[in-house]
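Reader: I would like to go through the enclosed spaces of a model with you. Could we begin once it is on the screen?

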Amino acid sequence: MKRARLLVLNAALGSLDYKVPEKMSVELGSVVVAPLGPRQVLGIVWEPEKFPDVDIPESKLRPLLEVLPVPPLKPSLRRLIEWTADYYCAPLASVARMSLSSGGALKGSGSITEYRLSGGLPERMTPQREQAMELLASEQATIRELAEIAGVSEGVLRGLVSQGVLEPVEVDIDRPYRRADPDHDQPELSVEQREVADRLVEAVKARTFAPFLLDGVTGSGKTETYFEAVAETLRQGQQVLVLLPEIALTEAFLRRFEDRFGTPPLTWHSSLKQTERRRAWKAIADGPAKSNAQVVVGARSALFLPYADLGLIVVDEAHEISFKQGEGVRYNARDVAVMRARFEQHPVLLASATPALESLQMAESGIYEKLELPSRFGGAQLPSIATINLTEEKPERGRWLAPRLVEALEERLDRGEQSLLFLNRRGYAPLTLCRNCGYRFQCPNCSAWLVEHRFSNRLACHHCGHETAPPATCPECGEPDCLVACGPGVERIADEVREILPEARVAVVTSDTLNSPEKAAEFVAMAEARAIDVIVGTQLVTKGFHFPELTLVGVVDADLGLEGGDLRAAERTYQQIAQVAGRAGRGAKPGEVMIQTRHPEAAVIAALADGDRDAFYAAETEARRDAGAPPFGRWAAIIVSSEDEAEAKEAANRIGGARPDLPDIAILGPAPAPLSLLRGRYRYRLLINARRSAEVQKVIREWLGALQFPNGVRVSVDIDPYSFV
């Protein structure tokens, strides 16, 4: 190759041509460094025919500077990057950048200094040094990591280094991982599980594209079942990717994985340290034979990593909306996972107890093969479900739990069993106002109220992260000690439980309290050790956790998810409540679920109470069909924003005024977004509703491509949107 066309990792630049120096070996997919003016830029050697031809004589081309010491991106990954950019109307460079998400790994091999106990003793023993030496007996890591493990400052450990108690060890950053053993601890599966597992193993052996939907009730043993497909993929010498929706679920999963395969898998998520990301990225790219990078468990970003030989993808809790990226490249990892499996030619499994309507429709139409686990493992029974009509069974004044639910909590505490209360609202109260003048505390950057968090004594915006301390006096009228909390959040419910059951040990589980894998692991350990009596949590507790002693689930406000402008509100509410209900009675003891609602007659609440999922999905399917909504039609959103409100409105009106008039596409808006101010930017939205046959992406590209906008205006496209704020 004497001339190379690069996809430069800058969305504004597109592709550029360069000369390949004589002694440089370059191939399609190579990651290279190229000059651009006085700067150096990263690029990927791409197929020239994928970009418009440029007529630049070879004599005018600048030479490439360096080929980086990483494997070239495979053709299948390049096709996935192209498909994702095309489908989600995103710049090709923005998608490609997600595959090169560890800058350190691109530099090649290297080493770092880690430390371990030498066997010596310090000149003077202090409580912190004693604690460190006790907790680090079998550990080797960097000073920073050891400090976290030991719960002491880095200064304490550096003192131990200076006295020779901790000794340095040079470690190859790219050292191999421990190898997983597919036959380490094979479980006894039920007949139903074995049938499903055998079908998945057969698909893995076939080494061809095969999409599956695993529809199994909560507690049916879906994880243990698909572990058999993971084991077969390992026997074939290939890699496995398991996508999880929440970082908090990772620790419980890792333990189950290690029990089955004898070693933990690689993890990939935002909490990894840079050295961990570098090691994992390099190992994944080098492949299982060289690095033992066999199984990767990660968040949605793990989907674009450059796997050397991928043989299976599992999307666990595949209905979860957190698989949909909300900013940048707004892709849905569930759907992109299916496309990656298609390009790589291997099976993909979507697992859920409450599949998305789109996934069920794909199974109904025969595109996905549906596998079912209709009963709980080991004879455990699904919980009984009852509704509490809050218009008739009212909580005491100033409280949020109805008498019948309080009585059930007391019974569980007396019996030594655990309970879970679910309310999908973080903080203490969603609104804080002045009882004297009615002033409401609003975020200065967003059109949203500040939420009171009493644990941290802050007022916080859940959209932009703005925080402030609660003032001593009202900023409007100056009245002291006048702030009043309106409505409940999980912290307020936890306080109520402590008042009602003062002897109960209460844990609040939200993204604020379980914000790292370590904290999640600590919570799981405490719950399993029965050191917690009542768990109060948000949607984080609705999935993945398995506590055999948890026999009561109370849904504090089932109507909450039905409010607002979410076009999938009914489906999402059903999924959340069905999932949290599935935490009850997973062991030998029967479970009970109580749903507090003001609308027991609502279709979604009635279906939950009757345990009639099929009736709910059938009714929701017909409603979607009539409305031309997904999966029978298509949605796309255009979001216009600017720091100048008039500029945002004018740009949105220009887009609306240039709308195409097509028979198979309806365009609504522009209108101010429900969250009209977000992070200091004013926002307008247009919603596109199209028939499935419409070429929505082509229409949007041609429509917006003909318009020019001021530099301060951002125009974002969201294909298949899940957020409508």
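Author: Certainly; please note that this is a predicted model. The second largest cavity is lined by Asp-174, Arg-175, Arg-279, Lys-282, Ala-283, Asp-286 and Ser-291.

Reader: How do those residues divide into nonpolar, polar and charged?

Author: Five of the lining residues are charged, one is polar and one is nonpolar.

Reader: And which element gives the largest share of that lining?

Author: Helix α9 does, with four residues. The helix spans residues 274-286.

Reader: How much space lies in the second largest cavity?

Author: About 30 Å³. The count of cavities of 30 Å³ or more comes to two.

Reader: What is the volume of the largest cavity, then, and which residues line it?

Author: Its volume is about 70 Å³. The lining consists of His-319, Ile-321, Ala-356, Glu-358, Arg-568, Glu-571, Arg-572, Gln-575 and Tyr-722. By class, four are charged, three nonpolar and two polar. Helix α16, residues 569-581, contributes the largest share, with three residues.

Reader: Let us turn to open sites. What is the volume of the second largest pocket?

Author: The second largest pocket has a volume of about 1,400 Å³. Of its 37 lining residues, Thr-267, Leu-272, Lys-273, Glu-276 and Arg-279 are the closest to the centre. Arg-279 also appears in the lining of the second largest cavity.

Reader: Which elements each supply at least two residues of that pocket lining?

Author: They are β6 (111-117), α4 (143-150), α8, β10 (266-268), α9 and α15 (517-528). By class, the lining has 16 nonpolar, eight polar and 13 charged residues.

Reader: You mentioned α8. At what angle do its axis and that of α7 cross?

Author: The axes of α7 (residues 222-235) and α8 (residues 250-261) cross at roughly 55 degrees and come within 11 Å. Because of that angle, α7 is oblique to α8. The crossing is right-handed.

Reader: Which residues meet there?

Author: From α7, Thr-223, Glu-224, Tyr-226, Phe-227, Glu-228, Val-230, Ala-231 and Leu-234 take part. In α8, their partners are Phe-253, Arg-256, Phe-257, Arg-260 and Phe-261. The contact has eight nonpolar, four charged and one polar residue.

Key: Residues numbered from 1 in each chain as written. Predicted model: local features only at pLDDT ≥ 70, side-chain atom pairs only at ≥ 80, totals over all residues. Heavy atoms only, no water. Axes fitted to C-alpha atoms, helices over the stretch in contact; angles between N-to-C directions. Parallel < 35°, antiparallel > 145°, perpendicular 65-115°, else oblique. Left-handed = near helix turned anticlockwise from the far one by under 90°. Contact = heavy atoms within 4.5 Å. Nonpolar A, V, L, I, M, F, W, Y, C, P; charged D, E, K, R; others polar. 1 Å grid on protein atoms, 1.4 Å probe; cavity = no way out; pocket = protein on both sides within 12 Å on 5 of 7 lines; lining within 4 Å. Points joined across faces, edges and corners; volume = space filled by probe spheres on them.
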